[in-house]
Amino acid sequence: MAIISGQKTVTAAGTAVQLATSRQVASALMVKALNGNTGLVYVGQVSGDVSSANGVPLAAGESVVFSFVGNLAEVWVDSAVNAEGVAWLMLDI
């Protein structure tokens, strides 16, 4: 068992990005807004359509835990400010 982590930033606010192109998730996944963010980030599983209208809003330092995801490619992130993002953490079982 190992802890796997990473970060993802949104280059252009309003353009959702995947956490990764493909990575199986065998445990719960924690996604946390980066502490340096000045605006909200939005997290969800809406196939590239995550936005302020349907994503979970996270302010700097806030987090959300998904009990089951399946694959990091299924998790999308958008931001209100260019170049802001999230860190993620999971167990690799």
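Q: Hi, I'm looking at β6. Which residue stands opposite F66 there?
A: That's L29, which sits across from F66 in β6. Keep in mind that this is a predicted model.

Q: OK. How do β3 and β6 pair, and over how many bridges?
A: They pair in the antiparallel sense, with four bridges between them. Strand β3 covers residues 29–33.

Q: And the side chains along β6, where do they point?
A: They alternate along residues 63–66. V64 and F66 point to one face and are buried, while S63 and V65 point to the other face and are not buried.

Q: Back to β3 for a sec. How many bridges join it to β8?
A: Five, and β3 and β8 run antiparallel. One residue to look at is M30, which stands opposite L89 in β8.

Q: What about β1 and β8, how many bridges there?
A: Nine, again in the antiparallel sense. As an example, A2 has D92 in β8 as its bridge partner.

Q: What holds paired strands together in general, by the way?
A: In a sheet, strands pair through backbone hydrogen bonds, and the pairing can be parallel or antiparallel.

Q: Let me zoom out. How many helices and strands are in the protein chain?
A: Zero helices and eight strands. Going from the N terminus, the elements read β-β-β-β-β-β-β-β. The radius of gyration is 12 Å, close to the 12 Å the globule rule gives for 93 residues, so the chain is as compact as a globular protein of that length.

Q: What does the C-alpha trace span?
A: About 35 × 25 × 20 Å along its principal axes.

Q: What share of the residues is buried?
A: Buried residues make up 40% of the 93 in the protein chain.

Q: I also see an open sheet of four strands. What's the order?
A: It goes β2-β7-β4-β5, with antiparallel pairing. The edge strands are β2 and β5, and each of them pairs on one side only.

Q: Which residue in β7 is the bridge partner of V43?
A: V77 is the partner of V43. The strands β4 (residues 41–44) and β7 pair in the antiparallel sense over four bridges.

Q: Switching to the surface: which residues make the nonpolar patch?
A: M1, I3, L89 and L91 do, and the patch is about 430 Å². You've met L89 already, as the residue opposite M30.

Q: Where does M1 lie, then?
A: In the segment before β1, the strand that runs over 2–10.

Q: Is M1 buried or exposed?
A: Exposed, because its relative accessible area is 78%, and the cut-off for exposed is over 50%.

Q: L91 was in that patch too. Which side chain has a polar atom 3.0 Å from the backbone oxygen of L91?
A: The side chain of S27. You'll find S27 in the loop between β2 (17–18) and β3.

Q: And S27, buried or exposed?
A: Buried, because its relative accessible area is 13%, and buried means under 20%.

Q: Last one: what's up with the phi of A83?
A: Phi of A83 is near 65°, a positive value in a residue other than glycine. A83 is in the loop between β7 (76–79) and β8 (84–92).

Q: Is A83 buried or exposed?
A: Exposed, with a relative accessible area of 55%.

Terms used:
Residues numbered from 1 in each chain as written. Predicted model: local features only at pLDDT ≥ 70, side-chain atom pairs only at ≥ 80, totals over all residues. Heavy atoms only, no water. Buried < 20%, exposed > 50% of the residue type's maximum accessible area, 1.4 Å probe, protein only. Helix = DSSP H or I, 4+ residues; strand = E, 2+ residues; numbered from the N terminus. Pairing = 2+ DSSP bridges. Patch = residues over 30% accessible without salt bridge, like charges linked within 9 Å, V, L, I, M, F, W, Y side chains within 5 Å. Areas by Shrake-Rupley, 256 points an atom, 1.4 Å probe, with all protein chains shown as cover. Salt bridge = Lys/Arg side-chain N within 4 Å of Asp/Glu carboxyl O. Polar contact = N/O pair within 3.5 Å; in protein donor to acceptor, adjacent residues only side chain to side chain. Rg over C-alpha atoms; globule rule 2.2 N^0.38 Å.
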